[in-house]
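Hi there,

Here is the structure I promised to send over. Have a look at it first, and then read on for what turned up in it.

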Amino acid sequence: MSKIKLMNESLANKIAAGEVIERIANVVKELVENSIDAGSTNITVNLLDSGKTKIEVIDNGSGMDRSDAKLCFLRHATSKVYNDDDLFFINTLGFRGEALASIASVSEVILNTYDGKESTSITIKGSKIISTTDGQKRKGTHIKVNKLFYNTPARLKYLKSDRSELNLVVSYIEKLSLANPKISFTLTNNNQTLIKTSGKNLLKAINEIYGLEISKNTIPIHLSSDDYDIDGFICKPEILKKNKNHMHVFINGRVIKNFELLKTIDEAYHTYKPDGFYPVVFINIFTDPSLTDVNIHPTKQDIKISKMAILKTEIRDSIKNALYSDNLVSSPLKFEETLESKLPINLFEEPFEETKEVELVKREYTAFSDSTFKVEEQSEFDFKSINEQIRKIELYPVGIAFGTYIIAENKEGIYLIDQHAAQERINYEKILRSFLKNEQIDMLVPITMELSTSEYDIVMKMKDKLIEMGFNIEPFGPNTIKIDSHPTWVKESKEKDTIKEVINVLTEEEKNFDALKFNDKVAATVACKASIKGNSRITLDAANFILEQLVLCDNPYNCPHGRPTIIKFTIYELEKMFKRSM
Ligand code: ZN
Ligand code: ZN
């Protein structure tokens with residue numbers, strides 16, 4: 001029976017896909033997604049002149065019978081969507097019946113398809129069927145799109161340079177190979193192989209697309225709930241990129257771009273990396289298709305997600321669990337090397353800026369309480385035991401360089417520890433913990449402080465927040481405040497300085513005030529001020545004390561600003577550098 005049905009007009013209008021074909025990558029996308037829908041396990045894309053002369057897609061999918069092969073070039077033909085209701089249960093990638101028709105109207109298409117019974121070869125030029133004959137009996141579909149836009153010179157001109165068109169295709173096939181790691185993809189241009197994946201599993205695909213440096217620095221993530229199953233790999237924070245293009249998120253095998261989810265991922269790395277650098281992640285989300293609506297815009301790849309809050313929590317927890325579980329001590333050099341992106345390409349047409357809508361989304365910073373890291377029963381890895389190992393690391397200080405770096409050793413290698421960054425981390429976690437306790441001290445002698453008019457206004461406006469934090473503040477004459485109690489984390493004799501710092505943070509954070517973010521920033525600022533500076537000599541005993549406390553931190557690897565605290569040179573690396581072992 002014919003699998004292809006004509007879509008009704010109202011549905012076709014809803015989908016409004018007339019603008020689908022603009023770039024070579026759009027054509028490749030339509031053809032390849034059809035191959036995926038046909039159940040292919042092997043898909044080859046061959047381009048000539050970046051696709052301007054020829055785009056060829058060969059798959060080993062189910063193929064089509066002759067009537068489908070003819071029908072698929074008609075407008076609004078689709079095998080996937082039948083009526084309006086089906087739009088909400090879209091589980092297949094291609095759902096726009098117009099795509100093949102659009103392609104066929106602006107090129108020469110040669111289609112060869114065999115469904116195991118009937119083989120068909122059709123040639124179409126500018127929407128007209130030129131010939132229909134028996135074709136080759138090779139299971140699957142083989143489609144050639146020659147001379148794209150030959151009859152629409154204006155659109156031909158709209159195509160960008162070969163390199164730019166090719167970059168988009170490469171980026172798209174890379175993402176698709178990661179989203180569908182069980183399918184083997186090959187991409188060539190002018191007979192040169194650009195991508196080849198073996199179709200085994202995600203880690204193998206990561207290795208084939210990104211190379212060993214990335215694939216060996218991944219941590220698996222896994223989390224299951226009633227609504228969403230999350231699976232995949234995240235890279236250790238020593239691998240960072242300057243753009244967001246390497247944060248891969250897939251829903252049911254579909255490449256998606258969703259600002260809210262990217263923001264959640266970025267925030268899950270909070271303090272594990274500096275702001276403005278982005279992690280490399282490969283996150284698969286499996287869910288009932290009725291919870292997502294991919295049909296917002298045919299080319300933009302955005303997606304509407306129900307139960308977004310649940311999904312965000314799951315993604316954040318799975319990343320935090322993975323980061324907490326692993327030994328993340330940086331190795332030398334790697335950090336700098338990996339800051340640059342492999343290819344400066346952007347799959348998405350519009351600049352990857354966050355929209356205003358996204359900015360309005362409430363930031364959900366999580367305080368670093370122990371309860372944040374709840375153990376998932378389904379976890380495949382035992383992060384507790386790995387973390388306990390890290391807590392047991394013994395580091396023996398042997399010297400201090402430049403009054404800044406503690407040099408330590410143990411039987412695994414040599415460590416350099418930034419004494420300021422390390423102490424900052426220790427203080428930061430201490431302060432965050434005492435925020436949770438919320439204890440305060442009444443002062444015997446209250447402090448009075450004179451502020452600038454704007455500071456005074458802000459303090460009065462946010463008075464409740466400060467009282468909540470444990471600062472009991474009262475107005476005390478013009479632009480003057482009186483404080484008679486403060487939280488326990490404020491150091492004795494540093495009360496005035498600390499209150500000044502809190503007011504500074506309050507001034508910065510007053511717009512879009514968010515309590516968790518404010519607390520976090522106060523903790524980081526106060527921790528920085530309270531920590532010993534670089535270029536000041538400390539004793540080995542003091543260094544030892546810092547190291548003992550550092551390894552007990554939830555994240556001993558980074559200061560609250562995401563910079564590394566500790567770098568390790570393994571004995572192997574040292575021996576290699578000194579050519580003691582080759
Ligand atoms: Zn600092
Ligand atoms: Zn710092």
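How many bridges join S5 to strand S8? The count is seven, and S5 and S8 (residues 140-146) run antiparallel. Please keep in mind as you read that this is a predicted model.

Let me stay with that strand for a moment. S5 covers residues 108-114, and six of its seven residues are buried, where buried means under 20% relative accessible area. In the pairing with S8, asparagine 112 of S5 stands opposite histidine 142. S5 also has strand S6 (residues 119-125) as an antiparallel partner, again through seven bridges. There, threonine 113 faces threonine 120 of S6. S5 and S6 make a hairpin with four residues between them, and glycine 116 in that turn has a positive phi of about 100°.

Now to the metals, which may be of most interest at the bench. The zinc ion (ligand 1) is coordinated by His420 through NE2, Glu424 through OE and Cys528 through SG, at 2.0 to 2.3 Å. Along the chain these donors follow the spacing H-x3-E-x103-C. Glutamate 424 sits in helix H14 and cysteine 528 in helix H18 (residues 515-530), so this pair ties together parts that are 104 residues apart in sequence.

The zinc ion (ligand 2) has Glu424 (OE), Cys559 (SG) and His561 (ND1) as its protein donors, lying 2.1 to 2.4 Å from the ion. Their spacing in sequence reads E-x134-C-x1-H. Helix H14 (residues 419-437) holds glutamate 424, while histidine 561 lies in the loop between helix H19 (540-550) and strand S26 (566-570), so these two residues tie together parts that are 137 residues apart in sequence.

Which residue bridges the zinc ion (ligand 1) and the zinc ion (ligand 2)? That is glutamate 424, and the two ions lie 3.9 Å apart. Is glutamate 424 buried or exposed? Its relative accessibility is 2%, so glutamate 424 counts as buried. Two of the other donors are partly exposed: cysteine 528 has a relative accessible area of 24%, and histidine 561 has one of 31%.

Some of the elements around the zinc ions also belong with a sheet. Four strands form an open, antiparallel sheet in the order S20-S21-S22-S26. Strand S20 (396-401) and S26 are at the edges with a single partner strand each, so one side of each has no neighbour in the sheet. From one strand to the next, the twist averages 25°. Strand S22 (residues 413-418) pairs with S26 over five bridges in the antiparallel sense, and isoleucine 417 stands opposite isoleucine 566 in S26.

Two helices pack here. H14 lies across S20, strand S21 (405-410) and S22, and runs at about 70° to S22. H19 packs on the sheet as well, touching S20, S21 and S22, and its direction makes about 120° with that of S20.

Finally, a word on empty space. Searching the whole structure gives nine cavities of 30 Å³ or more. The second largest has a volume of about 90 Å³. It is lined by 13 residues, of which Pro237, Glu238, Tyr272, Ser330 and Asn558 are the closest to its centre.

Happy browsing, and best wishes!

Conventions: Residues numbered from 1 in each chain as written. Chains lettered and ligands numbered in written order. Predicted model: local features only at pLDDT ≥ 70, side-chain atom pairs only at ≥ 80, totals over all residues. Heavy atoms only, no water. Donors = N, O, S within 2.8 Å, 3.2 Å for Na, K, Ca; no water. Buried < 20%, exposed > 50% of the residue type's maximum accessible area, 1.4 Å probe, protein only. Pairing = 2+ DSSP bridges. Axes fitted to C-alpha atoms, helices over the stretch in contact; angles between N-to-C directions. Contact = heavy atoms within 4.5 Å. 1 Å grid on protein atoms, 1.4 Å probe; cavity = no way out; pocket = protein on both sides within 12 Å on 5 of 7 lines; lining within 4 Å. Points joined across faces, edges and corners; volume = space filled by probe spheres on them.
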